[in-house]
4 protein chains.
Amino acid sequence: MGAEQRTDDTARLETFADGVMAIAITLLILDVRVPRVGSSLHSSLAAEWPSYVAFVVSFLTIGIIWVNHHHMFKLIERTTHAFLMLNVVFLMTICFLPFPTALVAAYVRNPDTRSLATAVYGGTMTAIAIMFNLVWRYAGTGHRLLVPGISDEALAKMNRDYLAGPVAYFAVTVIAFIEPYVSLAIVAALCVYWLLPGTGPRAEVVGRSATSGPEEEPGR
Amino acid sequence: MGAEQRTDDTARLETFADGVMAIAITLLILDVRVPRVGSSLHSSLAAEWPSYVAFVVSFLTIGIIWVNHHHMFKLIERTTHAFLMLNVVFLMTICFLPFPTALVAAYVRNPDTRSLATAVYGGTMTAIAIMFNLVWRYAGTGHRLLVPGISDEALAKMNRDYLAGPVAYFAVTVIAFIEPYVSLAIVAALCVYWLLPGTGPRAEVVGRSATSGPEEEPGR
Amino acid sequence: MGAEQRTDDTARLETFADGVMAIAITLLILDVRVPRVGSSLHSSLAAEWPSYVAFVVSFLTIGIIWVNHHHMFKLIERTTHAFLMLNVVFLMTICFLPFPTALVAAYVRNPDTRSLATAVYGGTMTAIAIMFNLVWRYAGTGHRLLVPGISDEALAKMNRDYLAGPVAYFAVTVIAFIEPYVSLAIVAALCVYWLLPGTGPRAEVVGRSATSGPEEEPGR
Amino acid sequence: MGAEQRTDDTARLETFADGVMAIAITLLILDVRVPRVGSSLHSSLAAEWPSYVAFVVSFLTIGIIWVNHHHMFKLIERTTHAFLMLNVVFLMTICFLPFPTALVAAYVRNPDTRSLATAVYGGTMTAIAIMFNLVWRYAGTGHRLLVPGISDEALAKMNRDYLAGPVAYFAVTVIAFIEPYVSLAIVAALCVYWLLPGTGPRAEVVGRSATSGPEEEPGR
């Protein structure tokens, strides 16, 4: 019963987090607006390109976060009140993302507003990445909420790997004030990079496969 | 089979409640609006501060309610028709929250409308807290729907602890007519207070750990 | 494995249906609009009463449908392609409900438009109730998808009880053209009636308890 | 433990995918707008027919995709990082659908814009169908992520059957530039065709029943 109880303990958190991420990711389409009837549809649709790019980049970013959250929770078997609350704050930063996404889509073409909009976007990404790390560090420190059998080396590697997110997005935010298009290009590039197989902070899977053997390799 | 049947009995209610709370919490961002293109972005974004504050406070409040709902349902193993219906009404009060949140964000800067908007906000919070108590009281009275092994003392303590919500939010609603900013500050303070570890109506966890032993301590 | 396979077979349908109903019920708040800044807030909020009433009635109606769907699926253990598709069409009618809800809220105060808006509302309710019956009849006919142990008498009683929905809502739709306010009052009254314990089409629970014994009585 | 671990491995992906599809399908109603108060309600509602048709066709299409996704995942028991990412991109194309749906609803009555709007709609459908095939091919190639017991013949048949989607929707997109109404009629006809029992790409169920025996026939 002990084992099942613990599994169940994270199950409802995962369901709630999945629900919130699924909704936040889907709401992004609400900011891709149909042009007003009466205008030339070709040119109106073409002029909307920042909306499409912003939709794709934010969608993939939340998708990657979801995949990583999924990987992380394979290693977590318990929750505490503080851990639930940290997750709530983490989800809050994700739910905020549709706002800066729409902001960038609306203001990126104007040189006067491009930097600020991009910086708000990068700042939100930074906040998401920091919260992701806090959630992980809370669970991982002293193996507090983890499943048994994860080595200290695997843990240390994951701590390092996950740090790439906040560092990269903080850089993106700073660059937004100097070269906003470069800043946005880096966000898009990070997104493509993490989409590729064999990249990104998936060290926990190493820790996991160390405990469960090579026959689960496809499950990574 | 009996035990599993009962578990399953609350499972679908928890899934539905999680879904509704996940959506209500995510819809809050729809009321944080992108300023119209053409205005000064810096000042427009700065002027939107009530939207950001309202988003954060309402988000964290629903998050805390979700965590408490999660704790409460660890103690509940059965449902009845009336209990499902009580939960539907409880969820209705939560789903209503985006409306007064947007109302406060839009009207808090105007001294003529500040009190009324804040009172509607406080009144909705009071309604949520009352419904939360009714859900709990229905399940707890005479141990009607509870898992075995919860002492009468633990039950009485939880009944008392959960009462803090309606009392606090009713006070908030009354204060809204006198000092609306004080009223809002109390809502924000309650939210921060309940976020902290070791606070708030989590007495049920005490009841729970009494039945399952100290090895589950991290699961609290 | 056979039994688990079957359980799992309806599990994903229930999850999807719960998700769709949870979202449709939550989207209803989007049509309760914050009055424009500048108007008198007291009178604006008061003038919005049809929005609040429509929100409450539609919310409780979807909530009651969800509870009944929940009861129905306790008796169903298998799915077929046609059954999944019937459920998709059923969910489509539920997802349509926010539209006539907003229509009634906007047009009920004008005598020229009141009847039509109310009839569209009643017609949507009728369509939901018809689809609910089709879903049930498909599953129940010849015990096609049901768990074992339901008597033919219980089945026949459920068939009769569920018919109350389409009949009542068809009457509501017809009455909308004569006395729209009476029509709306009946919808609200049905909603309150089905909220009460011991009413409505819950005959299936009788069939269920017949198979699982009296110790599950609270689970009804 | 091995078997359960694998089941759990796809469970969270299915939950997330169900959530995203449930939300995308429900958001479609947001583009069926209530006419402005003041206009003639009869003629306004009648003039909105493209919105209703677009809602129904897109809703049923996502519903059919969900059913097929459900069937496909009965055959998949493992995930990989790349497979999760492919699913994220697949879900992105589904989440995009409300935009071209609203585009068609707004522009189909104008001969100048009808072709382009319809082509964007058909193009999105094509993208969804291509991603669906990529998800399946990734899982199926060399039986990479499949449950045991599926014959190569069943696999080859499914590969062929699923190809119908991209081919049909690509044709729809091309036809949009010549005869947009014909193009839309084909989308609607495909939707009705796949709703019918015994049609569409459900060959995998054949493969499944081959491994689990005839007593599960209703589960197809």
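Along its sequence, chain A of this predicted model follows the pattern α-α-α-α-α-α-α-α-α-α. Its secondary structure thus counts ten helices and zero strands. Chain A has 220 residues, and 54% of these are buried. Of the contacts in chain A between residues at least 6 apart in sequence, 80% join residues at least 24 apart.

**Helix packing in chain B**

In chain B, helix 5 (residues 98-107) and helix 6 (residues 114-140) have axes that come within 9 Å and cross at roughly 160°. An angle over 145 degrees counts as roughly antiparallel, and the two helices of chain B are therefore described as roughly antiparallel to each other. The crossing of helix 5 and helix 6 of chain B is left-handed. On the side of helix 5 of chain B, the contact is made by B:P100, B:T101, B:L103, B:V104 and B:Y107. Helix 6 of chain B contributes B:R114, B:A117, B:T118, B:V120, B:Y121 and B:T124.

**Helix 3 of chain D**

Helix 3 of chain D covers residues 49-73, which is 25 residues. At 1.5 Å a residue this helix should span 36 Å, and the end C-alpha atoms are 36 Å apart, so the two values agree. The helix is mostly covered, as 19 of its 25 residues are buried.

**Contacts between chains**

Two pairs of chains are listed below.

| Side described | Residues on that side | Residues on the partner side | Largest contributor |
|---|---|---|---|
| Chain A, touching chain B | 34 residues from chain A | 28 residues from chain B | helix 1 of chain A, twelve residues |
| Chain D, touching chain C | 28 residues of chain D | 33 residues of chain C | helix 1 of chain D, eight residues |

On chain A, the elements that each supply at least two residues to the side touching chain B are helix 1 (2-27), helix 4 (81-96), helix 5 (98-107) and helix 6 (114-140). On chain D, helix 1 (2-27), helix 2 (41-47) and helix 3 give two or more residues to the side that touches chain C.

**Relation of chains C and D**

Two copies of a chain are related by a rotation about an axis and a shift along it. Chain D can be laid on chain C by a turn of 90° and a shift of 0.0 Å along the axis, with an RMSD of 0.0 Å. That is the relation of a four-fold axis. The copies use different surfaces, since 11% of the contact residues of chain D recur in chain C.

How values were computed. Residues are numbered from 1 along each chain as its sequence is written. Chains are lettered from A and ligands numbered from 1 in the order in which they are written. This is a predicted model: local features need pLDDT of at least 70, side-chain atom pairs count only at pLDDT 80 or more; totals for chains, interfaces and linings use all residues. Helices (H or I, at least four residues) and strands (E, at least two) are DSSP runs, numbered from the N terminus. The expected span of a helix is 1.5 Å times one less than its number of residues. A residue is buried if 20 or more other C-beta atoms lie within 10 Å of its own, exposed if 12 or fewer, and partly exposed in between; C-beta atoms are placed from the backbone. Copies are superposed by least squares on the C-alpha atoms of residues with pLDDT of at least 70 in both. Two residues are in contact if their C-beta atoms, placed from the backbone, lie within 7 Å. Axes are lines fitted to C-alpha atoms, for helices over the stretch in contact, and angles run from 0 to 180 degrees between N-to-C directions. Angles under 35 degrees count as roughly parallel, over 145 as roughly antiparallel, 65 to 115 as roughly perpendicular and the rest as oblique. A crossing is left-handed if the near helix is turned anticlockwise from the far one by less than a right angle, and right-handed if clockwise.
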